[in-house]
Amino acid sequence: MKYNIALLLTFFTTICLAQLREGFVYAQDIIDDLAVELRYCNDNNFVGEQIDGYNKEVVIMTTLAAKALKNVQDTLKKRDLV
């Protein structure tokens, strides 16, 4: 019973915290083949170690910015520049 409650609480917390504010999206949801390299998630940055709080390479941006970036990427693909 203890484990069921803990699991349920963890699931509920994850769902609540995973929601983005209105107008924001995960860039990978808009741009399927987006190449991401967030330097703070690893030790290949100017401090030489992973920065606390940067656990995953996830890009969050406004919906408008993500759509604009997708348009640029689509244009570059048409010109064989990507």
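# Close-ups of a predicted chain

**View 1. The whole chain, end to end.** The chain has three helices and two strands. This is a predicted model, and going along the sequence you meet the pieces in the order α-β-α-β-α. Of the chain's 82 residues, 11% count as buried. About 7,100 Å² of the chain is exposed, and 58% of that comes from carbon and sulfur atoms. Now take the contacts between residues at least 6 apart in sequence: 53% of them join residues at least 24 apart.

**View 2. The largest nonpolar core.** Which residues make up the largest nonpolar core? There are five of them: Val 25, Ala 27, Val 59, Met 61 and Ala 66. In soluble globular proteins, nonpolar side chains tend to be buried together. Zoom in on Ala 27 and you'll find it touching Leu 34, Val 59 and Met 61, once residues up to four places away in sequence are set aside. Two of those partners, Val 59 and Met 61, belong to the core as well.

**View 3. Helix H3 from end to end.** Helix H3 covers residues 63–78. How far apart are its end C-alpha atoms? They are 23 Å apart, and that agrees with the 22 Å that 16 residues should span at 1.5 Å a residue. Just past the helix comes Asp 80, in the segment after H3. Asp 80 is not a glycine, yet its phi is positive, at about 55 degrees. Is Asp 80 buried or exposed? Its relative accessible area is 70%, so Asp 80 is exposed.

**View 4. Gln 73, tucked away on H3.** Gln 73 also has its place in helix H3. Why does Gln 73 count as buried? Its relative accessibility is 11%, and the cut-off for buried is under 20%. Who keeps Gln 73 company? Leaving out neighbours within four places in sequence, Gln 73 is in contact with Ile 31, Asp 33, Leu 34 and Val 82. One of these, Asp 33, turns up again in the next view, where it pairs with Lys 77.

**View 5. A salt bridge across the sequence.** The count of salt bridges comes to three. Side chains of opposite charge can pair when their charged atoms come close. Here the partners are Asp 33 and Lys 77, with their closest N and O atoms 2.5 Å apart. Asp 33 sits in the loop between helix H2 (27–30) and strand E2 (60–62), while Lys 77 is in helix H3, so the pair ties together parts that are 44 residues apart in sequence. Both ends are partly exposed: Asp 33 has a relative accessibility of 44%, and Lys 77 has 34%.

**View 6. Two more salt bridges.** Start with Arg 39 and Glu 37, whose side chains meet in a salt bridge at 2.8 Å, N to O. Arg 39 is partly exposed at 41% relative accessibility, and so is Glu 37 at 48%. Then look at Asp 74 and Lys 70, where the N to O distance in the salt bridge is 3.4 Å. Where do Asp 74 and Lys 70 lie? Both are in helix H3, four residues apart, and that is about one turn of the helix. Asp 74 counts as partly exposed, with 27% relative accessibility, and Lys 70 is partly exposed too, with a relative accessible area of 30%.

**View 7. A nonpolar patch on the surface.** Some nonpolar side chains show on the outside: Leu 69, Val 72, Leu 76, Leu 81 and Val 82 form a surface patch. Together they have about 450 Å² of accessible area. Take Leu 69 as an example. Leu 69 has its place in helix H3, and with a relative accessible area of 35% it is partly exposed. Val 82, another member of the patch, is also one of the residues in contact with Gln 73.

**View 8. Arg 21 and Thr 62.** Arg 21 is found in the loop between helix H1 (2–18) and strand E1 (24–26). Arg 21 is exposed, with a relative accessible area of 71%. How far apart are Arg 21 and Thr 62 in sequence and in space? The two are 41 residues apart in sequence, and 9.5 Å apart in space from C-alpha to C-alpha.

Technical notes: Residues numbered from 1 in each chain as written. Predicted model: local features only at pLDDT ≥ 70, side-chain atom pairs only at ≥ 80, totals over all residues. Heavy atoms only, no water. Patch = residues over 30% accessible without salt bridge, like charges linked within 9 Å, V, L, I, M, F, W, Y side chains within 5 Å. Areas by Shrake-Rupley, 256 points an atom, 1.4 Å probe, with all protein chains shown as cover. Salt bridge = Lys/Arg side-chain N within 4 Å of Asp/Glu carboxyl O. Buried < 20%, exposed > 50% of the residue type's maximum accessible area, 1.4 Å probe, protein only. Core = buried A, V, L, I, M, F, W, Y, C linked by side-chain atoms within 4.5 Å. Contact = heavy atoms within 4.5 Å. Expected span 1.5 Å × (residues − 1).
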